[in-house]
Amino acid sequence: MAALFDLLQCTPEVVQVMVFDNGVDTVLHAEVARRGWVYRTEGRNLGFGSGHNRLIALLGEYPQADLHLLCNPDIAWKDNPLPALISYLDANRQVSAVMPDVFGLDGCRQYLAKDRPTPLILFGRRFLPRRWLARRIDRYELRNLAFDRPAVVPIISGCFMLLKTTALRAVGGFDERYFLYLEDYDLCRRLQLAGGEVAIEPRAQVMHGHARSSYSWGWPLWWHMRSAFRYFFCNPQRS
């Protein structure tokens, strides 16, 4: 939660912080209330996109908020990333959303800006030795991208994404058929289908815990597989 606690203290650009609780955390609720933030819960985990949509529905109460930030609780930063992201969106009217350069706690870049996925790439990254698909995976992860300047890319990550509110509303927020995983991919595609672009601005940098829980067996893997099936086969125009 460190990033959330920094949002108003270190980022004067933020009008309001809104927190959606995927359970009922009374300590979190009390802390959010103490800080004057907005707290919402339905007492259960609705999924990443559905939870965000409950907060997006409240944006009408803040007409001065022309931008909306998605920020995971495992995000942190040394320098405020918002000025560079806001400046980029202001200077590029066609861009609907932008992300910063993202690094792990070990200091390594996470390559979360992506090319468009294919079933082979998503399956191979999870189940096959990387050397079998190394070149394709490198292309998918945009490892040859020049990270010394902004770039329009096909996919950006929902772990820290700054969006123009008008563009977000125009596509109706997240598709709630995705419980977890690929809902940010789907959002990027729909923003692009609506005429916008998504980009990465490397002058802004954040750190991300990035547990990669779907790389272990269990429910996260099932959710990832189900989301991939929906992305590729239920909405073929978005793949």
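Here are some notes on this predicted model, point by point, for someone opening it for the first time.

1. Start with the overall make-up. The chain has 239 residues, and 51% of them are buried. Its secondary structure comes to nine helices and eight strands. If you look at contacts between residues at least 6 apart in sequence, 73% of them join residues at least 24 apart. The accessible surface is about 12,000 Å², and carbon and sulfur atoms account for 54% of that.

2. Next, have a look inside. The largest nonpolar core has 70 residues, and the ones that touch the most other members are Ile156, Phe160, Met161, Leu163, Leu187 and Leu191. Helix H4 (residues 82–91) gives the most to this core, with six residues. As background, nonpolar side chains in soluble globular proteins tend to be buried together.

3. Met161 is a handy place to centre your view. Setting aside neighbours within four places in sequence, methionine 161 is in contact with His68, Leu69, Leu70, Ala97, Val98, Ile156, Asp184, Leu187 and Cys188. Two of the names there, Ile156 and Leu187, also turn up among the core residues that touch the most other members.

4. Now for helix H4 itself. Leu82, Ala84, Leu85, Ile86, Tyr88 and Leu89 are its buried residues. What do the buried residues of H4 pack against? They pack against strand E3 (67–71), E5, strand E6 (151–153), E7 and E8. On helices in general, an α-helix has 3.6 residues a turn, so residues three or four places apart point the same way.

5. Strand E5 (residues 95–103) is worth tracing from end to end: nine of its nine residues are buried. E5 pairs with strand E8 (residues 197–208) in the parallel sense, over eight bridges, and proline 100 has glutamate 201 in E8 as its bridge partner. With strand E7 (residues 160–164), E5 pairs in the antiparallel sense, over two bridges. There, valine 98 stands opposite leucine 162. Val98 also appears among the contacts of methionine 161.

6. Helix H8 (residues 183–193) is another covered element: 10 of its 11 residues are buried, so H8 is largely enclosed by the rest of the structure. The buried set isn't just nonpolar residues, either; it includes Glu183, Asp184, Asp186, Arg189, Arg190 and Gln192, along with Leu187 and Leu191. Just after H8, glycine 195 takes a positive phi of about 105°.

7. On to charged pairs. Side chains of opposite charge can pair when their charged atoms come close. A search of the whole structure finds 12 salt bridges. One of them joins the side chains of arginine 54 and glutamate 176, at 2.9 Å from N to O. Why does this pair tie together parts that are 122 residues apart in sequence? Arginine 54 lies in helix H3 (residues 48–56), while glutamate 176 is in the loop between helix H7 (165–170) and H8, so the bridge links those two parts. Arginine 54 is partly exposed, at 27% relative accessibility, and glutamate 176 is partly exposed too, at 39%.

8. Right beside glutamate 176 in the numbering there's another bridge, between arginine 177 and aspartate 175, at 2.8 Å from N to O. Is each partner buried or partly exposed? Arginine 177 is partly exposed, with a relative accessible area of 40%. Aspartate 175, at 11%, counts as buried, because the cut-off for that is under 20%.

9. There's a small charged network as well. Arg125, Asp138, Glu141 and Arg143 are linked by salt bridges. Within it, the side chains of aspartate 138 and arginine 143 meet at 3.6 Å, N to O. Aspartate 138 is partly exposed at 29% relative accessibility, as is arginine 143 at 34%.

10. Not everything nonpolar is tucked away. Phe123, Phe127 and Met225 form a nonpolar patch on the surface, with about 280 Å² of accessible area together. Phenylalanine 127 sits in helix H5 (residues 119–127) and is partly exposed, with a relative accessible area of 32%.

11. Last, a loop residue. Valine 17 is in the loop between helix H1 (2–10) and strand E1 (18–21). Valine 17 counts as buried, at 3% relative accessibility. Its C-alpha atom is 9.9 Å from that of leucine 55, although the two residues are 38 apart along the chain.

Technical notes. Residues are numbered from 1 along each chain as its sequence is written. This is a predicted model: local features need pLDDT of at least 70, side-chain atom pairs count only at pLDDT 80 or more; totals for chains, interfaces and linings use all residues. Side-chain values use heavy atoms; hydrogens and water are left out. Patches are made of residues with over 30% relative accessible area and no salt bridge: like charges are joined within 9 Å, nonpolar side chains (Val, Leu, Ile, Met, Phe, Trp, Tyr) within 5 Å. Accessible areas come from the Shrake-Rupley method with a 1.4 Å probe; for residues, only the protein chains shown count as cover. A salt bridge is a side-chain nitrogen of Lys or Arg within 4 Å of a carboxyl oxygen of Asp or Glu. Helices (H or I, at least four residues) and strands (E, at least two) are DSSP runs, numbered from the N terminus. Buried means under 20% relative accessible area, exposed over 50%, partly exposed in between (1.4 Å probe, protein chains only). A nonpolar core is a set of buried Ala, Val, Leu, Ile, Met, Phe, Trp, Tyr and Cys residues joined through side-chain atoms within 4.5 Å. Contact means heavy atoms within 4.5 Å. Two strands pair if DSSP finds at least two bridges between them.
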